[in-house]
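Grab a pencil and keep the 3D view open while you work. Each exercise below starts with a task and then walks through a solution.

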Amino acid sequence: MTFFPDMKTFIAIGGFQITWYAIIILTGAFVAYYLTLRQVRKWGYKEEIFENFFLLMLPIAIVGARLYYVIFEWNNLYAADPISAFYIWEGGLAIHGGVIAGTLFGVWYFHRHQIDGLRIADAIFPNLMLAQAIGRWGNFMNQEAYGQIVSGDFYAHWPSFIKDQMYIDGYYRQPTFLFESVGNIIGFLLITFVYKKYGRRKRGDLAFAYLAWYGMVRFFVEGMRTDSLMLGPLRIAQVVSLLGVVLGVLGILGVFDRLFKNIWPFKRRKPAIIFDLDGTLVDTKALIFASFRHTFKKYLPEHTLTDEELHSFLGPTLKGSFLRYFDAEKVDEIIAYYRAFNHAHHDEYVTEIPHVKETLAYLKEHDYPLAVMSNKLLDIVKMGLAQFDLEAYFEVILGGEEISEPKPSPVGILEACEKLHVPHDDVIYIGDSPTDIQACKKMAAYSVAFVYEEVRAEEMKAEKPCAIIHDMTEIINLVKEDHEWSDVTI
């Protein structure tokens, strides 16, 4: 076993070799995979969906990159020795072929899994540019993707390892691999940290920015190379790059959204609209306060609950609230006592929130998927809905015992989407407590803070929801707006 027997080889074990080219290409791919996986986690996707995509896509992209290269170099390199077309370790991958193959597979895969194609493209393509920047150093190790002959003085102030490796066939060559690598790093930084924050207007813009930027960089760098793949008199990479620039600019300008507005992935979905119960659909504040006062009167009679403490109970789970005051071994008993009072006095204290029924009627008439998801037990949720004839408006009603993790976990929202049989790329969650907004933030859902009482306005604003409403009818105008239904800050 020999490490680094030559510049191209990382390790040689007998007749078996692992090349630097393979290591660097795979390193770039896994860096892009890690960064994209971190993003899709924030969006609430199941990890295995993207893991399976990557494991299937990577060999498909490599085959596509190799096939693309072999097609254009067949007469020059492979016609006399066809079996050498399989010697991928010797180099010869065309990134355009890999991107095309990977993209076609991705279109099929994400459409099959009902995931918004433009949204996932925004997560993948900027990171792909970073992978390409890393991958170009594989070309460096293989002494390929180089430019015209230059004098030794060109490298006067360069690191010696670059100068030495760019001495090819008796001449120093321009390091066009490095020009493209640097251009891709700049593009990655601009798209990820500048354009995403200040220029992006809609889904797909980051992917289209990739096409435009990479196409521009590759077009100019390709003109400097001496080993281009040719289609007659044309450098095929320049043709494809120019096409990428055109597609990228048209995409950013919204041309495809207008031309293909009824075709996936440009077709807009109506968002699923999911509601909290307490303080959102029905006013249960008086009941909650009375239930806590009743419970504390028995279990902690010496403590008088303040208004601030009472308001702090709106949103968190009962267990979380009572653990602030009582030992864990007593909490189940206390919760049972609380619930018994709460259930018995429900209709006495619960009141209607204005305009809820009119709003739900409009949403139902216009075919918006509707659900309720609350930390409260299902029978109490249904009791509140039934009291004001609201239950029939909802396709799905979830109570706390049906959800593995309560808010602020996003599990309940994701479960509601599954039961509605809709993807969670376009979902609005409406609630009146900080935990509602926090649950949305953990899956990048479109969060709407319903401020029924101004006393809670500041704490809701502090959570930075996507929208704030003070009357339920504002939802009707909100859903008419033309934008994506997810939190674009995440």
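**Exercise 1: a loop with unusual backbone angles**

Start with Ala145, which sits in the loop between α4 and β4. Keep in mind that you're looking at a predicted model. Find out what phi of Ala145 is, and whether Ala145 is buried or exposed. Then do the job again for Gln143.

*Solution.*
- Step 1. Ala145 has a phi of about 60°, a positive value, although it is not a glycine.
- Step 2. Its relative accessible area is 3%. Buried means under 20%, so Ala145 counts as buried.
- Step 3. Now go to Gln143, which lies in the loop between α4 (117-142) and β4 (149-150). Its phi is near 55°, again positive in a residue other than glycine.
- Step 4. Gln143 has a relative accessibility of 27%. Partly exposed covers the range between 20% and 50%, so that is the label for Gln143.

**Exercise 2: who touches Ile168?**

Find Ile168 and list its contacts, leaving aside neighbours within four places in sequence. How far is Ile168 from Tyr146, in sequence and in space?

*Solution.*
- Step 1. Look in strand β5 (residues 167-168), where you'll find Ile168.
- Step 2. Check the cover: with a relative accessible area of 6%, Ile168 is buried.
- Step 3. The contacts are Gln143, Tyr146 and Arg173. You met Gln143 in the loop of Exercise 1.
- Step 4. Ile168 and Tyr146 are 22 residues apart in sequence, and their C-alpha atoms are 9.1 Å apart in space.

**Exercise 3: check a helix against the ruler**

Compare the end-to-end reach of α1 with the expected value. Then work out which parts of the protein its buried residues pack against.

*Solution.*
- Step 1. Helix α1 covers residues 20-42, and it has 23 residues.
- Step 2. From first C-alpha to last, α1 reaches 33 Å, close to the 33 Å expected at 1.5 Å a residue.
- Step 3. Go through the buried residues of α1; among them are Tyr21, Ile24, Gly28, Ala32, Leu35 and Thr36. An α-helix has 3.6 residues a turn, so residues three or four places apart point the same way.
- Step 4. The buried residues pack against β3 (16-19), α2 (47-78), α4 and α6 (176-198).
- Step 5. Zoom in on Thr36, which has a relative accessible area of 1% and is buried. Not counting residues up to four places away in sequence, Thr36 touches Phe50, Ala123, Ile124 and Asn127.
- Step 6. Past the helix, α1 is followed by Gly44, whose phi is positive, near 85°.

Now try the ruler on α7: what is its reach, and how many of its residues are buried? Helix α7 (residues 205-222) has 18 residues and reaches 25 Å, close to the expected 26 Å. It is mostly covered, with 13 of its 18 residues buried.

**Exercise 4: a hidden asparagine**

Locate Asn184, name its contacts beyond four places in sequence, and give its C-alpha separation from Phe292.

*Solution.*
- Step 1. Asn184 is found in helix α6.
- Step 2. Its relative accessible area is 0%, which makes Asn184 buried.
- Step 3. Asn184 is in contact with Met129, Gln132, Ala133, Tyr214 and Val217.
- Step 4. Phe292 is 108 residues away from Asn184 along the chain, and their C-alpha atoms are separated by 59 Å.

**Exercise 5: find the cis bonds**

Which residues do the cis peptide bonds at Pro265 and Pro408 join, and where do these prolines sit?

*Solution.*
- Step 1. One cis bond joins Trp264 and Pro265, with omega about 5°. Pro265 is in the loop between α9 (255-259) and β9 (272-275).
- Step 2. Another joins Lys407 and Pro408, with omega about 20°. Pro408 lies in the loop between β13 (396-398) and α17 (411-420).

**Exercise 6: step back**

Is the whole protein a compact globule or more spread out?

*Solution.*
- Step 1. Take stock of the secondary structure: 20 helices and 16 strands.
- Step 2. The radius of gyration is 29 Å, well over the 23 Å that the globule rule gives for 490 residues, so the protein is more spread out than a compact globule.
- Step 3. Look at the spans too: the C-alpha trace covers about 90 × 50 × 40 Å along its principal axes.
- Step 4. Finally, 51% of the 490 residues count as buried.

Methods:
Residues are numbered from 1 along each chain as its sequence is written. This is a predicted model: local features need pLDDT of at least 70, side-chain atom pairs count only at pLDDT 80 or more; totals for chains, interfaces and linings use all residues. Side-chain values use heavy atoms; hydrogens and water are left out. Helices (H or I, at least four residues) and strands (E, at least two) are DSSP runs, numbered from the N terminus. The radius of gyration is taken over C-alpha atoms; the globule rule is 2.2 Å times the number of residues to the power 0.38. Buried means under 20% relative accessible area, exposed over 50%, partly exposed in between (1.4 Å probe, protein chains only). The expected span of a helix is 1.5 Å times one less than its number of residues. Contact means heavy atoms within 4.5 Å.
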